[in-house]
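Good morning. I will talk through one structure today, and I will keep it short. Please have the sequence and the model open while I speak.

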Amino acid sequence: MRLSRRGLLRAGLGGTAATALGGLATGCAVPTGSTGRNMVLWYWDGGLGDTVVKKTEARYDSTVDLQAIKIGGYYRSKLITTMTGRARIPDIAGLKGEDMASYLPNSDQFVDLRTLGADKYKSQYLAWKWEQGTADDGSMIAFPIDCGPVAHLYQYEVFRKAGLPYEPDDVTKELNTWEKYFAAGAQLKKRLPGTFLLTDINGVFDNVVNQGTKRYVDKDRHFIGDQEHVRDAWALSLEAKRQGLLSSLVTGTPDQISATVDGKLPSQLGASWATYDLKSGMAKTKGKWRIAQMPVRPANNGGSFLSITKACREPERAFEIITWMMNAANQAQGYIDAGLFPSTPAAYDLKQLRAPDPFFGGQITTDIFGPAAQRIAVAYNSPYDIALGQPIKDEIKNVGVLGKDPKKAWSDAMSKCRRIAKHLGVSY
């Protein structure tokens, strides 16, 4: 199975990335071998649709030799290392959504896209997504690629056998709160022994936090991970554990994949790109899945950007390329190729995204993800969120997997957060 983007979130990135580019001089070295025609674009597997990349290279072939290079491994680390070394820096660089906030304090290392006319495109894109690529000083360093609206992916026949709502509209209406969703999980477990609503406890915690307007650090650089919005997510996660709705399996392992294929894990709260993971890793389940809205309101998980580095000698041309790649038609193609859900709503009505999807029983998935994407709550994303959110996520996982005492886990999480906050200069 292709590695899920969800599995690429790593501990401690926010703290290190906030200072990693600080020593760079404005205006980095030109990519090695660059002439006037050469232009290098960096991205990662699944970061852009293959069809769009090929079309872009062909479209601009007469004016620029665009080399789109797929970078493997830890993409962010490689990009930062390259920029710090001031050599072989790409002209255009993809930036992963989960890392986006860590680049913003170093906005002077990227071209401010407003200087190239970005403002005239703003109305075409989701407002909350556009804001994620904008630094506190107002400069825009990243242009939206996709977004990751979260929905409820479930196996139709398993829900029917368990006596649960099974048509997408009914699932949306009747499982519209966490309490109702958990009640459905209890019935699922009772009617079909050995079947679990969720793989792990973080499936609750992360999504509840991501539904809200706050994360772990506010604009004033103050730690807020001990406030009500995080405590509520923690409490709901514990409730799922208490009711026995969580499996003992680890996401992405062969056992978890096998259980999902066999219908023992028939429910996922997954981002739009999870549809690509299902199709590529669990082809045997084709036709068994449907999609409904998740409980309460949509969350967002993932979604990336394109930036122009200060190393680029032709930023106007680079911006022309970016805006063409990310137009509505090409974003629609990216969803078809790689599950990259468009950040431009104009794509939602295009023919490519109105086709019934046989993997999801002929459902038009855009009818779920489109409205969800437009209802995402605007939240401030601090460059310190990852570093200060990770101890809490680690400890709730210890509760879910190891059975650690919840009070001890919370106390340990807060102690770790205090130490990290002090190191990063975040007030506690």
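I will go through two helix packings, then one helix in detail, and then a few single residues.

Keep in mind that this is a predicted model.

Let me start with how packing is described. Two packed helices are characterised by an angle between their axes and a distance between those axes.

The first pair is H10, residues 228-242, and H16, residues 385-402. Their axes lie 10 Å apart and make an angle of about 15 degrees. Angles under 35 degrees count as roughly parallel, so H10 is roughly parallel to H16. The crossing of H10 past H16 is right-handed.

Which residues make this contact? On the H10 side they are Val 230, Trp 234, Ser 237, Leu 238 and Lys 241, and on the H16 side Ile 392, Glu 395, Ile 396, Val 399 and Gly 400. Sorted by class, the contact of H10 with H16 has 6 nonpolar, 2 polar and 2 charged residues.

You may notice the spacing of those numbers. An α-helix has 3.6 residues a turn, so residues three or four places apart point the same way.

The second pair is H10 with H17. Here the axes come within 12 Å and cross at roughly 150 degrees. Over 145 degrees counts as roughly antiparallel, so H10 and H17 are roughly antiparallel to each other. This crossing is right-handed. H10 contributes Val 230, Arg 231, Trp 234 and Leu 238, while H17 contributes Pro 406, Ala 409 and Trp 410. By class, the contact of H10 with H17 has 6 nonpolar, no polar and 1 charged residues.

Now H17 by itself. It covers residues 406-424, which is 19 residues. How far does H17 reach from its first C-alpha to its last? The span is 27 Å, close to the 27 Å expected at 1.5 Å a residue. The buried residues in H17 include Ala 409 and Trp 410, and both of these also take part in the contact with H10. Others that are buried in H17 include Asp 412, Met 414, Cys 417 and Leu 424. Just after H17 comes Gly 425, with a positive phi of about 80 degrees.

Next, two residues in other helices. Ile 322 sits in H13, residues 315-325. Is Ile 322 buried or exposed? Its relative accessibility is 0%, so Ile 322 counts as buried. Leaving out residues up to four places away in sequence, Ile 322 touches Ile 92, Phe 143, Leu 306, Ser 307 and Ile 308. Ile 322 and Asn 207 are 115 residues apart along the chain, and their C-alpha atoms are separated by 31 Å.

Glu 57 is in H2, residues 50-59. With 28% relative accessibility, Glu 57 counts as partly exposed. Its C-alpha is separated by 9.4 Å from that of Ile 321, although the two residues are 264 residues apart along the chain. Again leaving out residues up to four places away in sequence, Glu 57 touches Leu 66, Gln 67 and Ala 68.

Last, two arginines in loops. Arg 88 lies between H3 and strand E3, and its phi is near 55 degrees, a positive value in a residue other than glycine. At 56% relative accessibility, Arg 88 counts as exposed. Arg 221 is in the loop between H9 and H10. Its phi is also positive, about 65 degrees, though Arg 221 is not a glycine. At 37% relative accessibility, Arg 221 counts as partly exposed.

That is the end of my part.

Note on methods
Residues are numbered from 1 along each chain as its sequence is written. This is a predicted model: local features need pLDDT of at least 70, side-chain atom pairs count only at pLDDT 80 or more; totals for chains, interfaces and linings use all residues. Side-chain values use heavy atoms; hydrogens and water are left out. Axes are lines fitted to C-alpha atoms, for helices over the stretch in contact, and angles run from 0 to 180 degrees between N-to-C directions. Helices (H or I, at least four residues) and strands (E, at least two) are DSSP runs, numbered from the N terminus. Angles under 35 degrees count as roughly parallel, over 145 as roughly antiparallel, 65 to 115 as roughly perpendicular and the rest as oblique. A crossing is left-handed if the near helix is turned anticlockwise from the far one by less than a right angle, and right-handed if clockwise. Contact means heavy atoms within 4.5 Å. Ala, Val, Leu, Ile, Met, Phe, Trp, Tyr, Cys and Pro count as nonpolar, Asp, Glu, Lys and Arg as charged, and the others, Gly among them, as polar. Buried means under 20% relative accessible area, exposed over 50%, partly exposed in between (1.4 Å probe, protein chains only). The expected span of a helix is 1.5 Å times one less than its number of residues.
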